[in-house]
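Please consider the structure displayed below. The account that follows begins with its aromatic rings and then turns to the core, to helix packing and to individual residues.

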Amino acid sequence: MDPLELVRGIAPPVLVALALISAGGNRLLPLALGVGFALAFILLTRDWPTLPHVLWSAPNGKQWLFWGVVGALLVAALEHWRCLPVRVGLWLGIAVGVAAVWFLLSKLAHAETLAWRVVHVGGGGLAVGALVWTQRRLIGRSESSPFFPVFALAILIVDAVVVTLGRSALYGQICGALAAGLGAAIGTCLWRKPFTMGVADGTWLGAAHGLFLLAAVHLAYLTWPAALLTAIAPVLPLMLPQSFAKERPKRWMLVALTLAGLPAAGAIALSA
């Protein structure tokens with residue numbers, strides 16, 4: 001991979017996250033990730049994002065992927081800033097995830113049968129909506145813990161690696177931009193109070209996790225077995241007792257990483 005491409009994908013989200021999180025803390029995380037993600041997308045694709053009203057009549061999966069992730073980040077930001085109640089943020093986040101799947105696959109769906117649309121578009125929308133719900137629930141169990149961001153970072157890194165190994169390099173790089181931004185945000189704990197994530201962040205984490213995997217399968221070359229193994233990785237820690245993360249956060253992180261790492265390792269092996 002061209003080193004310059006790595007710089008294009010990593011430098012903007014890292015610099016933006018360091019600046020905004022240092023100034024405003026975790027409530028600016030979705031904004032920081034959104035700005036950095038947009039800059040990385042522009043540099044990696046060498047083009048400006050196509051506006052949604054244009055995509056409505058000329059759909060493009062790659063562009064809809066961008067707007068789907070941005071939409072989830074926007075909902076999370078509004079909830080962080082208390083413009084949305086928690087319950088409204090939950091259902092709006094799920095709705096954005098489901099709608100993003102429809103737009104992402106709309107061009108393919110026009111050429112496919114009704115059965116294909118039900119299985120892939122309907123099933124994909126339900127899966128992304130479920131990921132939004134599960135990640136919000138998982139964060140809710142350890143909202144004040146500085147260790148959950150490490151788990152979230154590991155999930156995004158696995159996404160980027162699996163997608164890239166599955167011959168979907170561009171989507172892997174774009175996903176890596178989100179991971180780089182979150183990693184930089186975590187790094188700000190070196191000079192300010194520990195970095196934590198709120199329930200609202202489960203919206204963008206679950207949506208991005210599902211959308212990148214679906215895009216890599218339908219628009220590139222990632223295989224279904226690898227995608228499904230990766231998809232379930234961040235859901236498995238829900239099997240742990242609800243009080244575990246709050247009472248023993250360090251041990252929870254180790255166990256959660258182990259549970260998520262088992263299917264993730266299988267996905268990486270299949271992709272490689």
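Across the whole structure, which is a predicted model, a search finds nine aromatic pairs. One of them joins phenylalanine 37 and phenylalanine 66, whose rings are stacked, with 5.6 Å from centre to centre and 10° between the planes. Phenylalanine 37 belongs to helix H2 (residues 29-45) and phenylalanine 66 to helix H4, so this pair ties together parts that are 29 residues apart in sequence. Phenylalanine 37 and phenylalanine 66 are both buried. The two rings also take part in a wider arrangement, since ring pairs link Phe37, Phe41, Phe66, Trp67 and Phe212 into a cluster.

Another aromatic pair is formed by phenylalanine 148 and phenylalanine 151; here the rings are tilted, with 5.6 Å from centre to centre and 45° between the planes. Phenylalanine 148 and phenylalanine 151 are three residues apart in helix H7, and therefore about one helical turn separates them. Phenylalanine 148 has a relative accessibility of 1% and so counts as buried. Phenylalanine 151 is likewise buried, because its relative accessible area is 0%, and the cut-off for buried is under 20%.

The helix that carries this second pair also packs against another helix. Two packed helices are described by the angle between their axes and the distance between the axes. For helix H7 (residues 148-165) and helix H12 (residues 249-271), the angle is about 5° and the axes are 10 Å apart. H7 is therefore roughly parallel to H12, as angles under 35 degrees are counted in this way. On the H7 side, the contact is made by Phe148, Val150, Phe151, Ala154, Ile155, Val158, Val161, Val162 and Leu165. H12 contributes Trp252, Met253, Ala256, Leu257, Ala260, Ala264, Ala267, Ile268 and Ser271. Sorted by class, the residues in the contact of H7 with H12 comprise 17 nonpolar, one polar and no charged residues.

Attention now passes to the nonpolar interior. The largest nonpolar core has 78 residues, and those with the most contacts inside it are Leu182, Trp204 and Trp252. Helix H9 (residues 201-218) gives the most to this core, supplying eleven residues. Trp252 appears also in the contact of H12 with H7. What does leucine 182 touch, leaving aside its neighbours within four places in sequence? Leucine 182 is in contact with Leu29, Leu33, Pro149, Ala152, Leu153, Leu156, Phe195, Met197 and Trp204.

Histidine 80 offers a further point of inspection, and its place is in helix H4 (residues 61-80). Histidine 80 has a relative accessible area of 17% and is therefore buried. Residues up to four places away in sequence are not counted among its contacts; histidine 80 touches Asn26, Arg27, Pro30, Gly198, Ala200 and Asp201.

Two arginines in loops complete the description. Arginine 82 lies in the loop between H4 and helix H5 (86-110). Its phi is near 65°, a positive value in a residue other than glycine. At 78% relative accessibility, arginine 82 is classed as exposed. Arginine 167 is found in the loop between H7 and helix H8 (169-187). The phi of arginine 167 is near 60°, again a positive value in a residue other than glycine. With a relative accessibility of 60%, arginine 167 counts as exposed, because the cut-off for exposed is over 50%.

Notes
Residues are numbered from 1 along each chain as its sequence is written. This is a predicted model: local features need pLDDT of at least 70, side-chain atom pairs count only at pLDDT 80 or more; totals for chains, interfaces and linings use all residues. Side-chain values use heavy atoms; hydrogens and water are left out. Axes are lines fitted to C-alpha atoms, for helices over the stretch in contact, and angles run from 0 to 180 degrees between N-to-C directions. Helices (H or I, at least four residues) and strands (E, at least two) are DSSP runs, numbered from the N terminus. Angles under 35 degrees count as roughly parallel, over 145 as roughly antiparallel, 65 to 115 as roughly perpendicular and the rest as oblique. Contact means heavy atoms within 4.5 Å. Ala, Val, Leu, Ile, Met, Phe, Trp, Tyr, Cys and Pro count as nonpolar, Asp, Glu, Lys and Arg as charged, and the others, Gly among them, as polar. Buried means under 20% relative accessible area, exposed over 50%, partly exposed in between (1.4 Å probe, protein chains only). A nonpolar core is a set of buried Ala, Val, Leu, Ile, Met, Phe, Trp, Tyr and Cys residues joined through side-chain atoms within 4.5 Å. Rings of Phe, Tyr and Trp (its six-membered ring) pair if their centres lie within 6.5 Å; planes under 30 degrees apart count as stacked, over 60 as edge-to-face and the rest as tilted.
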